[in-house]
Amino acid sequence: MNTLILSSSLAKNSRSYILCQAVEEVLTTKGVHCTSIDARLLNMNPCHRDITPDMSHLAEQIKQADNIIIGMGVHCYSVNDSLKILLDGCFADATEKFFGILCAAGGERSYLSTMHLTQICMNEWRMMQLPRIVFATEKDFTENIITSDEVLERIELFSEEFHTIGRKLLA
Ligand SMILES: Cc1cc2nc3c(=O)[nH]c(=O)nc-3n(C[C@H](O)[C@H](O)[C@H](O)COP(=O)(O)O)c2cc1C
């Protein structure tokens with residue numbers, strides 16, 4: 001199974017990036033071939049500007065992936081701006097792919113913000129979401145390390161279910 005893990009935050013100390021790394025570690029031990037993308041390293045242009053070579057490459061990687069895991073930070077109770085740019089510019093060939101969401105937020109009350117990403121992916125590309133997200137806030141980290149047992153347990157569960165269902169959907 002080829003899984004693309006897209007960390008979409010541009011923040012220097014991105015917490016959703018840390019969640020992406022943690023899930024990649026678990027999936028790799030299960031034999032999943034993970035390709036990790038760190039949006040901080042991409043040159044990107046917003047919609048209606050020329051698509052950059054980095055964005056074209058990402059669009060091709062999305063096309064080739066069996067399934068996709070998206071890391072997002074919450075901005076204004078919704079997806080962060082860089083993720084919206086990548087969705088608009090690179091997801092045309094994500095149609096019907098299985099996907100999962102890893103989310104970092106400032107506050108616990110923002111947990112439903114991932115629904116905007118669910119809506120975009122399901123309505124625009126008929127993608128199917130793993131019905132479990134990993135959601136974490138500042139208090140779940142200490143010096144950029146995940147220290148919450150609950151979040152660590154959630155990462156294990158998410159990875160196990162993503163792996164099991166992802167493989168079944170390919171069979
Ligand atoms: C412009 C902006 C808007 C934000 N809006 C929210 C918000 O509506 N709700 C919330 O819980 N956190 C909000 N935050 C906090 C981020 O979700 C938090 O810093 C999180 O760690 C971002 O993910 P990242 O570290 O991967 O970038 C906002 C942060 C920024 C910079």
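This briefing covers helix packing, the ligand surroundings and selected residues of the structure above. The model is predicted. Helix α3 packs with α4 at an angle of about 5°, while α2 and α3 cross at roughly 70°. Around the ligand there are 15 residues.

**Helix packing**

- Two packed helices are described by the angle between their axes and the distance between the axes.
- Helix α3 spans residues 81–90, and helix α4 spans residues 114–125.
- The axes of α3 and α4 are 12 Å apart, and the packing angle is about 5°.
- Angles under 35 degrees count as roughly parallel, so α3 and α4 are roughly parallel to each other.
- On the α3 side, this contact uses L83, K84 and L87.
- On the α4 side, the partners are L117, I120, C121 and W125.
- By class, the α3 and α4 contact holds 6 nonpolar residues, no polar ones and 1 charged residue.
- Helix α2 covers residues 53–64, and its axis comes within 9 Å of the α3 axis.
- The crossing angle of α2 and α3 is roughly 70°.
- Angles of 65 to 115 degrees count as roughly perpendicular, so α2 and α3 are roughly perpendicular to each other.
- From α2, the residues in this contact are M55, L58, A59 and I62.
- From α3, they are I85, L86, G89 and C90.
- The α2 and α3 contact divides into 7 nonpolar residues, 1 polar residue and no charged ones.

**Around the ligand**

- Of the 15 residues around the ligand, the nearest are S9, S14, S16, V74 and S110.
- S14 has a side-chain N or O atom 2.7 Å from an oxygen atom of the ligand.
- S16 places a polar side-chain atom 2.5 Å from a ligand oxygen atom.
- V74 approaches through its backbone: an N or O atom there lies 2.6 Å from an oxygen atom of the ligand.

**Strand β1 and helix α1**

- S7 sits in strand β1, which runs over residues 2–7.
- The relative accessible area of S7 is 2%, so S7 is buried.
- Beyond residues up to four places away in sequence, S7 touches S16, Y17, C20, I37, D38, A39 and G71.
- S16 thus appears twice here: S7 touches it, and one of its polar side-chain atoms lies 2.5 Å from a ligand oxygen atom.
- Q21 belongs to helix α1, residues 15–29.
- Q21 counts as partly exposed because its relative accessibility is 36%.
- Q21 and I5 are 16 residues apart along the chain, and their C-alpha atoms are separated by 8.7 Å.

**Helix α5**

- Helix α5 takes in residues 149–170, and H163 is one of them.
- H163 has 11% relative accessibility and therefore counts as buried.
- Apart from neighbours within four places in sequence, H163 is in contact with M1, L27, K30 and V32.
- I155 also lies in helix α5.
- With a relative accessible area of 2%, I155 is buried.
- Outside its neighbours within four places in sequence, I155 is in contact with L19, A22, V23, V26, V134 and I146.
- I155 and F135 are 20 residues apart in sequence, and their C-alpha atoms are 9.4 Å apart in space.

**Strand β6**

- Q129 is placed in strand β6.
- Not counting residues up to four places away in sequence, Q129 touches F98, F99, I101 and T118.
- The side chains of Q129 and T118 are joined by a polar contact of 2.6 Å.
- Q129 and L170 are 41 residues apart in sequence and 15 Å apart in space, C-alpha to C-alpha.

**Positive phi angles**

- Most residues other than glycine have a negative phi.
- Y77 is not a glycine, yet its phi is positive, at about 55°.
- Y77 lies in the loop between β3 (67–75) and β4 (78–79).
- Its 54% relative accessibility means that Y77 counts as exposed.
- R126 also has a positive phi, near 50°, and is a residue other than glycine.
- R126 is in the loop between α4 and β6 (128–129).

Methods. Residues numbered from 1 in each chain as written. Predicted model: local features only at pLDDT ≥ 70, side-chain atom pairs only at ≥ 80, totals over all residues. Heavy atoms only, no water. Axes fitted to C-alpha atoms, helices over the stretch in contact; angles between N-to-C directions. Helix = DSSP H or I, 4+ residues; strand = E, 2+ residues; numbered from the N terminus. Parallel < 35°, antiparallel > 145°, perpendicular 65-115°, else oblique. Contact = heavy atoms within 4.5 Å. Nonpolar A, V, L, I, M, F, W, Y, C, P; charged D, E, K, R; others polar. Buried < 20%, exposed > 50% of the residue type's maximum accessible area, 1.4 Å probe, protein only. Near = heavy atom within 4 Å. Polar contact = N/O pair within 3.5 Å; in protein donor to acceptor, adjacent residues only side chain to side chain.
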